[in-house]
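This briefing goes through one structure topic by topic. Please look over the sequence and the model before reading on.

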Amino acid sequence: MTDTPTRIQVAGTAGTDPYEVLVGHRLLDDLPGLIGRSARRVAVLHPEALAATGEAVRDDLANQGYEAIALQLPNAEESKTAEVAAYCWKVLGQTGFTRTDVIVGIGGGATTDVAGFVAATWLRGVRWIAMPTTLLGMVDAAVGGKTGINTAEGKNLVGAFHPPAGVLADLATLDSLPVNDYVGGLAEIIKAGFIADPAILDLIESDPAAARTPGGPHTAELIERSIRVKADVVSSDLKESGLREILNYGHTLGHAIEKNERYQWRHGAAVSVGMVYAAELGRLAGRLDDATADRHRAVLESVGLPLAYRGDAWPKLLESMRVDKKSRADRLRFVVLDGLAKPAILESPDPSLLVAAYGEVSK
Ligand SMILES: NC(=O)c1ccc[n+]([C@@H]2O[C@H](COP(=O)([O-])OP(=O)(O)OC[C@H]3O[C@@H](n4cnc5c(N)ncnc54)[C@H](O)[C@@H]3O)[C@@H](O)[C@H]2O)c1
Ligand SMILES: O=C(O)C(=O)C[C@@H](O)[C@H](O)[C@H](O)COP(=O)(O)O
Ligand SMILES: [Zn+2]
C-alpha cells in the first residue's frame with residue numbers, strides 16, 4: 001500500500017454529517033485536522049492494552065496545543081458497562097468538557113462503542129473520532145455510528161446512533177493484535193461477503209492461511225471491501241429502519257452466545273456460530289441452497305472460526321434472543337439469505353425450525 005490513504009465516504013443521513021473512513025499508514029497526522037480548532041479539550045479513551053499508544057496520542061495532541069487527557073478503560077467487553085461510562089462522564093465533568101470539545105476512541109470495537117456512547121450522551125452529544133486498532137473495529141465497529149454498552153440483560157441494550165466525525169484506520173496497529181482477535185475480525189469480513197460482496201469470500205478461499213495475518217496479500221482489499229459494504233448500508237439507513245438489519249446477519253444467536261459465555265468469547269467467534277445457525281435456518285426454511293449454506297462452514301472453518309456451540313445451552317440462548325433488537329413484541333426475527341448476497345428477514349419462524357437449526361450447530 002502507498003502512503004496515500006484510501007478514503008471511503010459515508011453519507012450523512014437523518015440529519016447527521018457525512019464523514020470519511022481513512023485506511024492506510026501514519027494516520028495520526030490526520031487527527032488534529034479532524035479535531036479542528038474549535039476544540040480546546042480532547043479526551044483520548046483507550047483500553048489498558050494500548051496504554052502506551054493512548055499516552056502517545058495524548059502527548060501528540062498536547063504538543064499541538066490541545067488540553068489533552070487520556071482515559072484508560074478496561075480491555076474488551078469489560079469496558080462496555082454503565083460503570084465505565086459513568087467514570088468517563090465524571091472525568092469529563094471534572095475537566096470542564098464543553099460542547100466544542102472532542103472525544104477520541106482508540107482501540108477495538110469495545111472501546112469505540114463505549115467512546116462513541118460517552119460522546120453521544122455527554123451534553124447530549126459531542127463530536128468524536130474513531131481510531132480502530134483491531135481488524136473488527138476497522139471493518140465494522142468504528143463505522144456507522146452504532147454506539148453502546150451492555151446491561152445484565154444483554155448485549156448492546158443501551159446505546160445511541162451517533163456517527164463519528166471521522167475514522168482513522170491505521171493498518172500498522174494490527175501488527176500487535178493477538179491472532180485470535182485478528183481472526184475474530186474475519187467473521188465480520190466473511191459476513192460482509194455473504195450479505196453483499198462475494199468477492200470477499202473468493203479472496204479468503206484463495207488463501208485462508210494468509211487471510212489470518214495482517215501481512216496477507218489481500219489484507220488491504222479485504223478491509224476496504226468490507227468497509228465499503230458497511231458504508232453503503234449505513235449511508236442509506238443510519239437508524240436501522242430497514243436495510244441496516246442485514247449487518248446483523250449471525251448476530252441474533254451470536255449475541256446470545258456472548259452473553260451465555262459472560263463475554264469471554266470474542267464477538268467474532270460468537271457471530272461465526274451465529275452465521276452457521278442463520279444459514280441452517282435459511283436452508284431448513286427452504287430459502288437457501290445447500291451449496292451456499294455449506295460454504296459458510298467451509299470458509300469460517302478455513303480461517304479457524306468456530307462452527308458449533310453447547311447443545312445444553314439452547315433454552316438460555318432462546319430466552320436471550322427474545323430481547324434482540326430486531327424482535328417485535330413476542331416475534332423473533334432473523335436475517336437469513338435467500339441466496340448469496342441476497343439477505344432478507346425471516347419473520348417469526350416456527351419454534352420447531354429454530355430447534356432443528358440449533359441441532360445443526362450444537363455439539
Ligand atoms: N458498533 C458497531 O457497529 C459494532 C460492530 C461490530 C462489533 N461491535 C462490537 O465490537 C466489540 C468487539 O470488538 P473487537 O473484536 O475489536 O474486540 P475488543 O475491542 O474487545 O478488543 C479485543 C482485545 O484486543 C485489545 N486490543 C485492541 N487493539 C489492539 C492492538 N492493536 N494490539 C493489541 N491488543 C489490542 C483490546 O484491548 C482487547 O483486549 C464487541 O463489543 C462488539 O459488540 C460493534
Ligand atoms: O452496524 C450494524 O448495524 C451491525 O449490526 C453491525 C454488527 O456487526 C455489530 O455487532 C452491532 O454492534 C450489532 O448491533 P446490535 O444492534 O445488534 O446490538
Ligand atoms: Zn458484529
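Y277 counts as buried in this predicted model, because 28 C-beta neighbours lie inside 10 Å of this residue and 20 are enough for the term. Y277 sits in helix α11. The points below start from this residue and go on to two further helices, the two domains and the two ligands.

**Surroundings of Y277**
- Leaving aside residues up to four places away in sequence, Y277 touches L253, A357, Y358 and V361.
- Between Y277 and I257 there are 12 Å in space, C-alpha to C-alpha, and the two are 20 residues apart in sequence.

**Helix α12**
- Helix α12 covers residues 290–302. Its 13 residues should span 18 Å at 1.5 Å a residue, and the end C-alpha atoms are indeed 18 Å apart, so the two values agree.
- The buried residues of α12 are T292, A293, H296, V299 and L300. They lie on the same side of α12, because the arc they cover around the axis is only 130 degrees.
- An α-helix has 3.6 residues a turn, so residues three or four places apart point the same way.
- D290, A291 and D294 are exposed, on the other side of α12.
- The cover over the buried residues of α12 includes the helices α6 (179–195), α7 (199–206) and α11 (267–284), along with β10 (333–337).
- G304, just after α12, takes a positive phi of about 95 degrees.

**Helix α9**
- Helix α9 runs over residues 219–236 and has 18 residues. From first C-alpha to last, α9 reaches 27 Å, close to the 26 Å expected at 1.5 Å a residue.
- Buried in α9 are L222, I223, S226, I227, V229, K230, V233 and V234. Their arc around the axis is only 155 degrees, which puts them on the same side of α9.
- Among what covers these buried residues of α9 are β1, β2, α5, α6, α7 and α8 (208–211).

**The two domains**
- The domain assignment gives domain 1 as 6–176 and domain 2 as 180–361. Taken over C-alpha atoms, the centres of the two domains are 26 Å apart.
- Domain 1 puts 30 residues into the contact, and domain 2 puts in 29 residues.
- On the side of domain 1 that touches domain 2, two or more residues come from each of β1 (6–10), β2 (19–24), α5 (135–141) and β8 (154–161). The most come from α5, with five residues.
- That side of domain 1 is made up of 16 nonpolar, nine polar and five charged residues.

**Ligand 1**
- The shell around ligand 1 holds 31 residues, and the closest are N75, A76, G108, G109 and T134.
- At least two residues of this shell come from each of α4 (109–121), α5, α6 and α11.
- By class, the shell around ligand 1 has eight nonpolar, 15 polar and eight charged residues.
- Domain 1 and domain 2 both give residues to this shell, so ligand 1 lies between them.

**Ligand 2**
- The residues around ligand 2 are D140, G144, K146, N156, E188, E240, R244, L247, N248, H251 and K325.
- One residue of this shell is nonpolar, four are polar and six are charged.
- Domain 1 and domain 2 each supply at least three residues to the shell around ligand 2.

Notes:
Residues are numbered from 1 along each chain as its sequence is written. Chains are lettered from A and ligands numbered from 1 in the order in which they are written. This is a predicted model: local features need pLDDT of at least 70, side-chain atom pairs count only at pLDDT 80 or more; totals for chains, interfaces and linings use all residues. Domain bounds come from an automatic or database domain assignment. Two residues are in contact if their C-beta atoms, placed from the backbone, lie within 7 Å. Helices (H or I, at least four residues) and strands (E, at least two) are DSSP runs, numbered from the N terminus. Ala, Val, Leu, Ile, Met, Phe, Trp, Tyr, Cys and Pro count as nonpolar, Asp, Glu, Lys and Arg as charged, and the others, Gly among them, as polar. The expected span of a helix is 1.5 Å times one less than its number of residues. A residue is buried if 20 or more other C-beta atoms lie within 10 Å of its own, exposed if 12 or fewer, and partly exposed in between; C-beta atoms are placed from the backbone. The arc is that of the directions from the helix axis to the C-beta atoms. A residue is near a molecule or strand if its C-beta atom, placed from the backbone, lies within 6 Å of it.
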